[in-house]
Amino acid sequence: MSRLRVAIQKSGRLSEKSLALLQGCGLRFARSKDKLFWYGKDFPVDLLLVRDDDIPRMIMGGVCELGIVGENVANEVMLDRNGGTGLSSLRKLDFGHCRLSLAVPESSGISGAGGLDGKRVATTYPALTRELLSRQGIEARIVELAGSVEIAPGLGTADAIADLVSTGTTLRANHLKEVEVLFESTAALYGTGQALPEDKQPLLDRLLARIDGVLQAQESKYVMLHAPRAALERIAEILPGAEHPTLMELEGTPDRVAVHAVCREGVFWEHLEALKGAGASAILVLPVEKMLA
Ligand code: PRT
Ligand code: ZN
């Protein structure tokens, strides 16, 4: 029977959430001792646990059909490979958020990409940085480093850096200031972008439907409340991302009804307060575990 292979990061920032997403799709794995290959037990999808940088090339080279990796890494490889046929983003995922930013020494007068023409920019993302700068008409001298980019300006080997930032702590610790965001990145699910062989495509479609279900469920909440009939229109407006709420009669109180709705956007305290203000009572917000449209 045919099987699919999915590559995820072995250990690092994306590992846990990548695995959790697949487990949320009902996938269970027999973990092998060397931990590089996990056999899918009740769904024919196996895992490859590798360095994140290897994932795009593994998909392009046909080692696996799918992989979860940062858009920063995937885009770097695609640009490096002149468009990188055989790699295409299938789903954006809500983790691994970071930004590729330009930073300069606190004392530098450079205030953005505009000041970088002819200047040295150190980065581990040379193709992506060059492309993003040249889109703004800036031709900088790219200094490619394998890591520890943040120390380059202090060592005098670069005037600026283009590096990943999430909290900004690393920049501050190295007396650097962020002057421009070049690229916003999240983790994403990548595939080849081409139809798979006949025996594998239905499997991929099934897995994608489950992934969509998990992604939608993560964002969704099930809201139940009681409301005066007269306020139903107003209440439907307040419920974030709700389609067609279900209405139920409340025994003995003809002017009040129970409303049940799936909200596909975050439900915050502000929404509950607004619902109460519109006359709702007995408001309950429940998590949604699985969804299949
Ligand atoms: O071993 P392997 O090659 O698999 O792992 P890795 O060390 O290359 O990757 P890892 O686990 O550090 O990052 C994997 C992916 O997580 C990246 O490719 C990004 O898509 C995403 N990501 C999200 C980040 C960050 N946030 C992040 N903050 N990757 C790196 N960083 C770095 C940042 O550059 C800085 O040096 O973390 C440091 C701390 O950031 P601050 O701003 O919070 O100080
Ligand atoms: Zn890496």
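Helix α1 (residues 15-24) lies across five strands: β1, β2, β3 (37-40), β4 (45-50) and β5. Its direction is about 150° to β1. This is a predicted model. The strands under α1 belong to an open sheet of seven strands. The chain is assigned three domains, and a zinc ion (ligand 2) is coordinated by D52 and D53.

**Domains**
- Domain 1 is assigned in two segments, 4-95 and 187-217.
- Domain 2 covers 98-185, and domain 3 covers 220-287.
- The C-alpha centres of domain 1 and domain 3 are 38 Å apart.

**The seven-stranded sheet**
- The strand order is β2-β3-β4-β1-β5-β12-β6, and the pairing is mixed.
- β2 (29-31) and β6 (88-92) are the edge strands; each has a single partner strand, so one side of each lacks a neighbour in the sheet.
- On average, neighbouring strands of this sheet are turned by 30° against each other, direction ignored.
- β1 (residues 4-9) and β5 (residues 66-70) run parallel and are joined by two bridges.
- V6 has L66 as its bridge partner in β5.
- In a regular strand, side chains alternate between the two faces of the sheet.

**Helix α7 on the sheet**
- Helix α7 (residues 201-219) lies across β1, β4, β5, β6 and β12 (187-191).
- α7 runs at about 35° to β6, whereas α1 runs at about 150° to β1.

**Zinc site**
- D52 and D53 coordinate the zinc ion (ligand 2) through OD atoms, at 2.0 to 2.1 Å.
- The site has four donor atoms, with angles of 72 to 175° among them.
- The geometry is irregular.
- D52 counts as buried because its relative accessibility is 18%, under the 20% cut-off.
- D53 has 33% relative accessibility, so D53 counts as partly exposed.

**Strands β13, β14 and β15**
- Strand β15 (residues 256-263) is mostly covered, with six of its eight residues buried.
- β15 pairs with β13 (residues 221-228) in the antiparallel sense, over eight bridges.
- Within that pairing, A261 in β15 is the bridge partner of V223.
- β15 also pairs with β14 (residues 246-249) in the antiparallel sense, over four bridges.
- Here L247 stands opposite V259 in β15.
- β14 and β15 form a hairpin, with six residues between the two strands.
- G252 sits in the turn of this hairpin and has a positive phi of about 80°.

Note on methods:
Residues are numbered from 1 along each chain as its sequence is written. Chains are lettered from A and ligands numbered from 1 in the order in which they are written. This is a predicted model: local features need pLDDT of at least 70, side-chain atom pairs count only at pLDDT 80 or more; totals for chains, interfaces and linings use all residues. Side-chain values use heavy atoms; hydrogens and water are left out. Domain bounds come from an automatic or database domain assignment. Donors are N, O and S atoms within 2.8 Å of the metal (3.2 Å for Na, K and Ca); water is not among the atoms, so sites may look incomplete. Four donors count as tetrahedral if all angles lie between 85 and 135 degrees; four count as square planar and six as octahedral if opposite donors are over 155 degrees apart and all others between 65 and 115; anything else is irregular. Buried means under 20% relative accessible area, exposed over 50%, partly exposed in between (1.4 Å probe, protein chains only). Two strands pair if DSSP finds at least two bridges between them. Axes are lines fitted to C-alpha atoms, for helices over the stretch in contact, and angles run from 0 to 180 degrees between N-to-C directions. Contact means heavy atoms within 4.5 Å.
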